[in-house]
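The following exchange takes up several terms used to describe a protein structure. Each answer sets a value against the rule that applies to it.

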Amino acid sequence: MDHLREECDVAPTWRIILQGWSITIPCSLIWKLLMCVTGCESPVVVVLTESMEPAFQRGDILFLRMGEEPIRAGEIVVFNIDGRDIPIVHRVIKVHERNDTADFDVLTKGDNNREADDRGIYAPGQEWLQRHHIMGRAVG
């Protein structure tokens with residue numbers, strides 16, 4: 001009788017493990033597929049502050065895409081700053097394209113902020129963002 005009781009205890013445990021994997025694996029595959037399609041490491045982000053009001057409210061969900069076409073002034077980008085883990089959502093206000101390469105420098109500003117980001121949001125001594133800082137463009 002004890003043997004049957006042990007089997008009953010084991011069956012629900014395995015069922016829970018299998019159910020967890022049956023959810024985790026498809027979600028991981030969908031996330032990886034989105035990364036490939038959008039060209040972004042993180043194709044979905046949440047706006048965390050009021051710096052982009054009225055365009056975006058705190059808590060809004062943004063879908064990102066990163067293509068090969070050049071970044072232009074007026075676009076909304078999501079970027080990381082060296083030494084910080086939380087991405088920032090701001091509008092590009094100035095782009096400096098380098099003629100000798102495909103590289104560029106970008107200056108951003110939150111719509112609800114008074115000053116451009118190089119005055120306090122970027123890392124100390126940093127005046128521009130480069131391509132490696134930008135995670136993607138807001139597309140929806």
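Q: Where in the protein chain of this predicted model is confidence lowest, and where is it highest?
A: In this predicted model, confidence is lowest in helix 1 (residues 2–38), at a mean of 73, and highest in strand 3, at 88. For the protein chain the mean pLDDT is 80, and 89% of its residues reach 70 or more.

Q: Why is Arg 137 called buried?
A: Buried means under 20% relative accessible area. Arg 137 has 6%, so Arg 137 is buried.

Q: Why is Arg 58 called exposed, and why is Glu 50 called partly exposed?
A: Exposed means over 50%, and partly exposed lies between 20% and that value. Arg 58 has a relative accessibility of 56% and therefore counts as exposed. Glu 50, at 37%, is therefore partly exposed.

Q: What makes the pair Arg 58 and Glu 50 a salt bridge?
A: The rule asks for a side-chain nitrogen of Lys or Arg within 4 Å of a carboxyl oxygen of Asp or Glu. The closest N and O atoms of Arg 58 and Glu 50 are 3.6 Å apart, so the pair satisfies the rule. The count by this rule comes to 5 salt bridges.

Q: How do you know that Arg 137 forms salt bridges with Glu 69 and Glu 75?
A: The cut-off is 4 Å. The closest N and O atoms are 2.9 Å apart for Glu 69 and Arg 137, and the N to O value is 3.5 Å for Arg 137 and Glu 75. Arg 137 lies in strand 6 and Glu 75 in the loop between strand 2 and strand 3, so this pair ties together parts that are 62 residues apart in sequence. Salt bridges that share partners join Arg 65, Glu 69, Glu 75 and Arg 137 into one network.

Q: What makes strand 1 and strand 5 the edge strands of the sheet?
A: The open sheet has 6 strands in the order 1-2-6-3-4-5, with antiparallel pairing. Strand 1 (44–46) and strand 5 each pair on one side only.

Q: How do you know that strand 4 and strand 5 pair?
A: Pairing requires at least two bridges. Strand 4 and strand 5 are joined in the antiparallel sense over 6 bridges, so they pair. Opposite Arg 91 stands Lys 109 in strand 5.

Q: Why is strand 5 described as largely enclosed by the rest of the structure?
A: Of its 6 residues, 5 are buried, so strand 5 is largely enclosed.

Conventions. Residues numbered from 1 in each chain as written. Heavy atoms only, no water. pLDDT = per-residue confidence, 0-100. Helix = DSSP H or I, 4+ residues; strand = E, 2+ residues; numbered from the N terminus. Buried < 20%, exposed > 50% of the residue type's maximum accessible area, 1.4 Å probe, protein only.
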